[in-house]
Amino acid sequence: MQINEVSHVIYRALDLINAQSVREFTVPPQTFIGAGALARCGEAMAERDLKCVFVMVDGFLHKQGIDEGLYRSLEGANIKYEIITYAGGEPTTQIVEAAAKQLLAAQCDSVLALGGGSVLDAAKATAMLAANVDLPIENLANKAIKLKKRLPLIAIPTTAGTGSEATNIAVITDTTNDVKQVLVHPQLIPDLAIIDACLTLGVPSEITAITGIDALTHAIETYVACHATPLTKGFAYRAITLIGEALPHAVGQGNDIPARESMMLASYMAGMAFSNGGLGLCHAMAHQIGGKYHIPHGMCNAIMLPAVMRFNQLVCKKEYAEIGHALTGKQIEAEDTIKAIQQLIYDVGLCKKLGEFGGSPEDIPQLAEAAMQDICLTTNPRTVTQEQIIAVYQDALAS
């Protein structure tokens, strides 16, 4: 082999090694932000030459007429629509499969979600499944399978928590075994996100608290995730600051529009951050107790977050001190940050423990085994064994 050929091989190997450290940063191609942004939906869909949209809307919101502004916007742009009301609860394979069949029967050319994170996740999976109807849902995240392009997708959140309108993730529960499947795929990022804080004004205080702590958990986990970048950390840091300032007001005075808007922006920013930087052990463990005991996802995070932070503190002291400053505006140490987060969780009324939802020590080994397989664990900052996860579950059960 000639010297120049050897050099080429060496440099090619170095290129491949360096490329492993390259991170992508993806966001929805278009986002409308501000009070009244919902009114621009029809116009935006007409610009995309869409004719008939499949609307997945939260059943409670539909009953209250909160979606009427959406239909006025669609009708004003001559967009036809087929409505499916979402009964509530977290999305399942059964719900998504039924929705995809209804969509195809109605010959819709796009999907729109109006509701909380469950509705948005269900719509994201429906938009993909309708274009790949022969595939099982779990294969929608299999990058080895060439998927057809999903239908155009518009996401309009009515809670400030999941950030699903900004992410490449959907969590769907398999109805055959009650196990949550975390689907991750670039096609799950919506084409258009509409952030209208007025849509959250009727959200009850408990749901505001649960979703708000969910957004906080996203921001904290991605800030310390091993795939974090300056961009993801910047969005996460700002989200934590906004949540620390706005969440108590949004819970305590639901008509506070500036607080509601701050929470919507925080949720969106945290969503962009974790979609690109990853999450961690808290979500890996929260998914298991949510599926097992049917606990709302944000409540699962509230239960697990302090215990997980105590475990990760070994390798995150500096980052936790920075998080503490973002949350409180004060220079505090890592241990005080964890205390401040636990206090915020209590202040917004999320005081229930895992045992109050049926959590049992006998279930912990099985939960830990499942958590070890969760995709969110791959970006946790501290390596973890199944025995250590058992100990963290025990900590959450006891505290």
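Is Ala250 buried or exposed? Let me answer that with some care, and let me say at the outset that the model we are looking at is a predicted one. Ala250 sits in helix α8, which covers residues 230–252, and with a relative accessibility of 1% it counts as buried. If we set aside residues up to four places away in sequence, Ala250 touches Thr208, Ala259, Arg260 and Met263. There is also a distance that you can check on the screen: Ala250 and Thr200 are 50 residues apart along the chain, and their C-alpha atoms are separated by 9.7 Å.

Let me turn now to the sheet. It is an open sheet of 6 strands, and if you read across it the order is β1-β8-β5-β4-β2-β3, with parallel pairing. The edge strands are β1, residues 30–33, and β3, residues 80–86, each of which pairs on one side only. On average, and ignoring direction, neighbouring strands of this sheet are turned by 15° against each other.

Within this sheet I would like you to follow β2, which covers residues 52–58 and pairs with β3 in the parallel sense over 7 bridges. Two of the partners can be named: Asp58 has Tyr86 in β3 as its bridge partner, and Met56 has Ile84, also in β3. The strand β2 also runs parallel to β4, and 5 bridges join those two, with Phe54 standing opposite Val111 in β4.

How many of the residues of β2 are buried? The count is 7 of the 7, so this strand is largely enclosed by the rest of the structure. Both of its faces are covered, since Cys52, Phe54, Met56 and Asp58 are buried on one side, while Val53, Val55 and Val57 are buried on the other.

What lies across this part of the sheet? One such element is helix α4, residues 68–76, which lies across β2, β3, β4 and β5 and runs at about 175° to β2. In α4 the buried residues are Gly69, Leu70, Tyr71, Ser73 and Leu74, and the buried residues of this helix pack against α2, β2, α3, β3, β4 and β5. After α4 comes Asn78, whose phi is positive, near 60°. Another helix, α9, residues 257–277, lies across β1, β5 and β8, and runs at about 155° to β8.

Beyond the sheet, there is the matter of the nonpolar cores. The largest of them has 80 residues, and those with the most contacts inside it are Met304 and Tyr393. Helix α11, residues 297–328, gives the most to this core, with 15 residues. Apart from this core lies another one, of 31 residues, including Leu103, Ala125, Leu153 and Leu188. Coming back to Met304, and leaving aside its neighbours within four places in sequence, we find this residue in contact with Cys282, Met285, Ala286, Ile289, Val392, Tyr393 and Ala396.

Cys282 brings me to the cysteines, where the count comes to 0 disulfides. Why is there no bond between Cys282 and Cys300? The cysteine sulfur closest to that of Cys282 is the one in Cys300, and because it is 9.1 Å away it is too far for a bond, when the cut-off is 2.5 Å. Cys282 itself is buried, at 0% relative accessibility. For Cys52, which we met in β2, the closest cysteine sulfur is in Cys108 at 3.7 Å, and this too is too far for a bond. Cys52 has a relative accessible area of 15%, and it is therefore buried, as the limit is under 20%.

Next, please look at helix α13, residues 364–371, in which Ile364, Leu367, Ala368 and Ala371 are buried. These four cover an arc of only 100° around the axis, and therefore they are on the same side of α13. The buried residues of α13 pack against α10, residues 281–293, and α14, residues 386–398.

Let me finish with a residue in a loop. Thr92 has its place between β3 and α5, and at 16% relative accessibility it counts as buried. Not counting residues up to four places away in sequence, Thr92 touches Ile172, Thr173 and Thr175.

Conventions
Residues numbered from 1 in each chain as written. Predicted model: local features only at pLDDT ≥ 70, side-chain atom pairs only at ≥ 80, totals over all residues. Heavy atoms only, no water. Core = buried A, V, L, I, M, F, W, Y, C linked by side-chain atoms within 4.5 Å. Buried < 20%, exposed > 50% of the residue type's maximum accessible area, 1.4 Å probe, protein only. Contact = heavy atoms within 4.5 Å. Pairing = 2+ DSSP bridges. Axes fitted to C-alpha atoms, helices over the stretch in contact; angles between N-to-C directions. Arc of directions from axis to C-beta.
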